[in-house]
Amino acid sequence: MSLLTKFQSAAAVLAGCVVVTAVFASGIATGCYFYPKLMGATAEVGHGAHDDHAHEEDAHDHGGGGHERENHVKLTKQAFENIGLTMGSLERSDYWKSLLVPAEVVEIPGRSNLSVSAPISGVVQTVKVLPGEAVGEGTLICDLTITDEALVEAQSSLLNTLSQIDVTETEIARLVPLTESGAVAKKSLIDARYKLQQLQANQDTVQQELKGRGLPEQQLAQLVTDRQLVTALQVSSPKFQLTSSDPSEVTSDNRRGYSIETLHVHPGQTVQRGQDLCDLSYHEELYVQGTAFESDLDLLNRIAENNWSMTVEFHSHLHDEDSDEADHGPLKLNLLRIDNHVDQVSRTVRFYISLPNDVERTITDDSGRVFQQWRHRPGQRVHLSLPESLWSNQLVVPADAVAVDGPNAMIFAKYKVPFHLKGHDDYDMWMELEPVPVRLLHRDNQRAVIATDPGFKISRPIAMNHAHKLHLAMKMQSGAGGDPHAGHTH
């Protein structure tokens, strides 16, 4: 065979090997391209067949497809109890769209405060009450030693007049039989009777002077009876004005909302007539003073005309679910009056609501002193919800049941598929929640109104509080990696 023929044969063999190699490489590339897609499709079919039944009701409930389990919130029983999660059902109810305005509890001018002043000038000997002590009508406040010279002189004048009256009456009694027998002229008897009338008139004048100088009627009667100067005086609480309570229930020792707010004196202190000894407070009825802008006057007038009730929520109730206010909840009260002027600086107008009050706790010390603690106190912060318009038949939930993340809002519903089998990685999981997107119509500090869009239906229990904490937990769990058993039950 010639050299040329051998060369041609070797070239043909080499070309065949190249073709075979190219075909084999093309097959490998094609397999690498199509194998993941075929395997992915196979896996997806298997996964969908396993999960379709589990999520079929969920899609019907909230109008969407199944959610990835990695976006769910898994809670142990301890975690559920630690955050105090409350589950409930979505229910329709009426909701008042309201305007929230600040307010505070204030005393009623001319009614909530009462001062007890010294009726005479004197020196304080003893103080009988303590700040905060509840008092009734006639409760002894303090003892005073009288140092008022004019009062002492008026008492002496009265005693002198009383002595002259006694002498004149004795003289008249002596003259009566003498004039009847003719031993004494009648003129002497007439003069004696005339003098008695003058003395009695003088007695009335001096008694009126003593009353005007602050001597109580009881001490005045004692002065006339005992014929001794009154050197000490007991100052008691005055007669209280009648409240809205039944007047027949008010007794001299009945404590009807009055208590010692401030003491201004101490033993040994010299006081002048008219000087304040103590201040009494009356808290059986108070005001809620609201502040609104001038532009809200139309709303206030509409509330007054329609006699709509306003919701009064106390600051302690808004921030502490375990507070005493939370036990009683918000109050529904009606508008009393609106101020007739607008503040020139803040351009706000004040309005008032009558606030009934009651004693929360009564404490009696070893000495028998009574201290009453009232539920509402002046200075308490209040939030007022002024009704604007009524939304009927809406889905209303607590504001804490909705989590807001940027433009998205969601509630957390209980997942339907049981998912805690022993031996599973999540065998200690007690409850699983999934986020359900919602559209908010309105939200304030207490309530949220959810739109009932077509196809939206949730029949499962939802978390009524701590939605924001659940949202954060969901982010943390999803960021920690996906569940290797997601979508499977064994």
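User: Over how many bridges do β6 and β7 pair?
Analyst: This is a predicted model, where local features need pLDDT of at least 70, side-chain atom pairs count only at pLDDT 80 or more, and totals for chains, interfaces and linings use all residues. Residues are numbered from 1 along each chain as its sequence is written, and side-chain values use heavy atoms, leaving out hydrogens and water. Strands are DSSP runs of E, at least two residues long, numbered from the N terminus, and two of them pair if DSSP finds at least two bridges between them. β6 covers residues 140-146 and runs antiparallel to β7, with L140 opposite S236; the bridge count is five.

User: Which strands stand at the edges of the open sheet, and why is one side of each left without a neighbour?
Analyst: The sheet has four strands with antiparallel pairing, in the order β7-β6-β5-β9. Each edge strand has a single partner, so one of its sides has no neighbour in the sheet. Those strands are β7 (232-236) and β9 (270-271).

User: How far from D148 is the nearest side chain of opposite charge?
Analyst: D148 sits in the loop between β6 and α3 (149-181), helices being DSSP runs of H or I with at least four residues. D148 is buried (under 20% relative accessible area, 1.4 Å probe, protein chains only). It has no salt bridge (a side-chain nitrogen of Lys or Arg within 4 Å of a carboxyl oxygen of Asp or Glu). With Lys and Arg counted positive, Asp and Glu negative, and His and the chain ends not counted, the nearest opposite charge is R213, at 4.8 Å.

Key. Buried means under 20% relative accessible area, exposed over 50%, partly exposed in between (1.4 Å probe, protein chains only).
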